[in-house]
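Trainee: I have a new structure open and would like to practise the reasoning behind the words people use for it. Could we go through it together?
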Amino acid sequence: MMRGSRRRTAVALASLGGAVALWWVFTATGVIPAMRFASPREFAAAFEQISSQGYADAKLWQHALQSCKLVAMGFAVAVAVGVPLGLAMGWSRRAEAFFNPPFLLLRPIPPLAWIPLAIVWLGLGDAAKVMVIFVAAFVPSVINSYTGVRSIEPHLVEAAETLGIRRAMFLREVLVPAALPHIFSGLRLSLQAAWTTLVAAELVGALRGLGQVLSAAAQDIYPAMILVGMVAVGVCGGAMTLALALAERRAMPWRAA
Amino acid sequence: MAVARTNASRAQLFALSAAGLASLFALWSAVAASGWVAPQFLPPPWAVAERFELLTSRPFAGYTIQQHLLSSIGRFLMGFGFAAAIGVPLGLAMGWFRWLDEVVSPLFEAVRFVAPIAWVPFAALWFGTGIGGPTLVIFMGAFPPALINSYRGARFVEPRLIEAAQTLGAGSWRVIAQVLLPASVPSIVAGLRISAGLGWQSLVGAELIVASSGIGYLMVKGQSNMSPSIVMSGMIAIGIVGFAIDIALRRVEAAIHARRGQ
């Protein structure tokens with residue numbers, strides 16, 4: 001068992017190393033022209049440039065911070081509205097009947113399609129980004145909170161009722177904890193959608209942010225900087241997913257595995 | 001106090017649904033008509049409907065809205081087709097050959113962290129802004145679910161079936177094509193449905209940024225003309241097509257389940 005997993009890690013490292021080696025060979029020999037893709041050395045130089053001197057009006061950490069800050073803001077508002085709404089829709093058939101039709105009507109519109117409207121309404125600044133992030137993150141948090149409530153086992157509810165539980169306590173002690181696994185899978189989807197949407201919104205137009213790095217690099221036809229931007233997008237997205245996974249473990253200690 | 005228990009009758013629930021829908025449009029109309037916000041900012045629903053109608057007959061940004069949609073759908077089918085044609089066989093093969101799984105998985109995981117939309121600059125640089133560039137972005141959006149679901153499907157095939165085939169002398173390729181593939185069809189189709197949704201989304205994003213036709217391009221042009229009614233018409237068209245794609249694949253899924261008696 002142990003040997004198997006160690007072998008797996010070795011193969012994984014070899015595979016990634018092989019990809020980097022191929023990258024180096026192809027760009028060094030000119031099989032891939034420099035105009036199309038950057039060599040590892042150019043990549044390092046571009047990284048050095050954006051970290052120390054800055055590119056597209058700011059240094060890398062400032063761009064990354066800007067993007068992460070917007071995602072955190074839009075995500076927080078979407079969760080604060082979406083989760084209670086989803087819980088209410090799961091709880092009461094009346095709430096579901098009232099809120100579901102408008103929701104169904106708006107749902108097929110992908111979050112990215114809200115970007116032009118957000119720009120017309122709010123311009124190229126932060127407000128438009130927060131709006132599209134909100135739209136992106138809202139839908140999954142509603143749906144999964146709803147599913148979470150609907151999948152609560154009825155005898156849990158009955159047991160709590162038999163014991164004469166009060167409404168507030170029921171919410172805090174039964175409803176939310178029981179729906180929490182579903183809520184968190186919704187949050188994961190929300191966060192992913194929020195991140196993708198923000199990058200797209202920044203590509204369409206922004207003053208600062210990782211998407212803006214990508215779009216400036218595309219305009220300058222600077223492949224190494226495009227690559228730096230893509231890696232930064234991946235790293236930030238990964239870090240956020242990781243942070244949410246940690247929060248999930250914290251919030252549900254009973255599901256440690 | 002029980003989950004989703006209600007004493008409301010069906011008629012009451014139906015009335016509530018109608019009220020929910022009506023209040024959305026009423027709120028929209030009221031805000032638009034009250035003069036609080038300029039019509040250039042939030043046009044009333046009927047103005048959007050009128051504009052939509054106009055877009056079907058008079059070209060905007062070079063084409064009518066049907067032509068824009070057609071070019072978007074063409075790109076979508078291409079990107080989605082590539083994603084399915086590469087993702088499904090690769091996923092099945094990874095489910096069968098352990099070494100392939102071990103080599104490809106780390107690369108796949110590393111690339112998957114990058115949002116599909118971040119491929120737009122390279123897509124434009126490599127394949128231009130016509131068909132190729134957006135197609136690459138759709139591919140990047142649609143590929144992961146196609147691969148993952150085929151892989152999972154292949155991994156969870158009943159070992160007895162594989163053993164039976166092997167006992168009867170089937171080689172690796174035959175096992176993949178004649179055992180793993182048919183057994184994992186439900187999982188594959190479920191994956192393709194997710195693929196299609198993500199692909200359609202990525203397409204819209206790609207067209208917003210780099211394209212010279214398509215429904216996303218129409219919306220960007222509407223945005224730079226400061227015309228929310230054109231932008232909203234585009235959103236409606238995108239929603240309808242996305243919904244239709246989803247329904248079609250749901251039908252396929254249901255048909256397959258029905259045939260397998262599940």
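Mentor: Gladly, and let us start with confidence. This is a predicted model, and chain A has a mean pLDDT of 88, with 98% of its residues at 70 or more. Chain B also averages 88, and 97% of its residues score at least 70.

Trainee: Where in chain A is confidence lowest, and where is it highest?

Mentor: The lowest mean, 84, belongs to helix α1 (residues 2-29) of chain A, while α3(A) has the highest, at 92. For the complex, the predictor gives an ipTM of 0.84 and a pTM of 0.86.

Trainee: Now the helices. Why are α9(B) and α10(B) called oblique to each other?

Mentor: Start with the angle: helix α9 (residues 185-209) and helix α10 (residues 215-224) of chain B pack at about 45 degrees, with their axes 7 Å apart. Roughly parallel needs an angle under 35 degrees, and roughly perpendicular runs from 65 to 115. The angle of about 45 degrees fits neither range, so the pair counts as oblique. The crossing of α9(B) past α10(B) is right-handed.

Trainee: Which residues make that contact?

Mentor: From α9(B) come Val204(B), Ala206(B), Glu207(B) and Leu208(B), and from α10(B) come Ile215(B), Gly216(B), Tyr217(B), Met219(B) and Val220(B). Sorted by class, that is seven nonpolar, one polar and one charged.

Trainee: What makes α9(B) and α11(B) roughly antiparallel?

Mentor: Their packing angle is about 175 degrees, and their axes are 10 Å apart. Anything over 145 degrees counts as roughly antiparallel, so these two helices earn that name. On the α9(B) side, the residues that meet α11(B) include Val185(B), Leu192(B), Trp200(B) and Val204(B). Among their partners in α11(B) are Ile238(B), Leu249(B), Val252(B) and His257(B). By class, this contact has 13 nonpolar, three polar and four charged residues.

Trainee: Over in chain A, how do you know that α8(A) and α9(A) are oblique?

Mentor: The reasoning begins with the angle again. The axes of helix α8 (residues 167-204) and helix α9 (residues 210-219) of chain A come within 7 Å and cross at roughly 45 degrees. Oblique is the name for angles outside the parallel, perpendicular and antiparallel ranges, so α8(A) and α9(A) are oblique. Their crossing is right-handed.

Trainee: Which residues of α8(A) and α9(A) meet?

Mentor: Leu198(A), Val199(A), Ala201(A), Glu202(A) and Leu203(A) of α8(A) meet Leu210(A), Gly211(A), Gln212(A), Leu214(A) and Ser215(A) of α9(A). The classes here are six nonpolar, three polar and one charged.

Trainee: Let us turn to single residues. Why is Asp57(A) called exposed?

Mentor: Count its neighbours: Asp57(A) has 12 C-beta neighbours inside 10 Å. The cut-off for exposed is 12 or fewer, so Asp57(A) counts as exposed. Asp57(A) sits in the loop between α2 (40-52) and α3 (60-91) of chain A.

Trainee: What is notable about the phi of Asp57(A)?

Mentor: Asp57(A) has a positive phi of about 75 degrees although it is not a glycine. Most residues other than glycine have a negative phi. Ala61(B), likewise not a glycine, has a positive phi near 55 degrees.

Trainee: Is Ala61(B) buried or exposed?

Mentor: Ala61(B) has 20 C-beta neighbours inside 10 Å. Buried begins at 20, so Ala61(B) counts as buried. The loop that holds Ala61(B) runs between α2 (45-57) and α3 (65-96) of chain B.

Trainee: And what makes Pro43(B) buried?

Mentor: Pro43(B) has 22 such neighbours inside 10 Å; with the cut-off at 20 or more, Pro43(B) is therefore buried. Pro43(B) lies in the loop between α1 and α2 of chain B. Leaving aside neighbours within four places in sequence, Pro43(B) is in contact with Ala32(B), Val48(B), Pro228(B) and Ser229(B).

Trainee: Finally, how many residues of chain B are in contact with chain A?

Mentor: There are 49, in contact with 52 residues of chain A. The elements of chain B giving two or more residues to that side include α1 (10-34), α4 (98-112) and α5 (120-127). The largest share, eight residues, comes from α11(B). By class, the chain B side divides into 39 nonpolar, nine polar and one charged.

How values were computed: Residues numbered from 1 in each chain as written. Chains lettered and ligands numbered in written order. Predicted model: local features only at pLDDT ≥ 70, side-chain atom pairs only at ≥ 80, totals over all residues. Axes fitted to C-alpha atoms, helices over the stretch in contact; angles between N-to-C directions. Helix = DSSP H or I, 4+ residues; strand = E, 2+ residues; numbered from the N terminus. Left-handed = near helix turned anticlockwise from the far one by under 90°. Contact = placed C-beta atoms within 7 Å. Nonpolar A, V, L, I, M, F, W, Y, C, P; charged D, E, K, R; others polar. pLDDT = per-residue confidence, 0-100.
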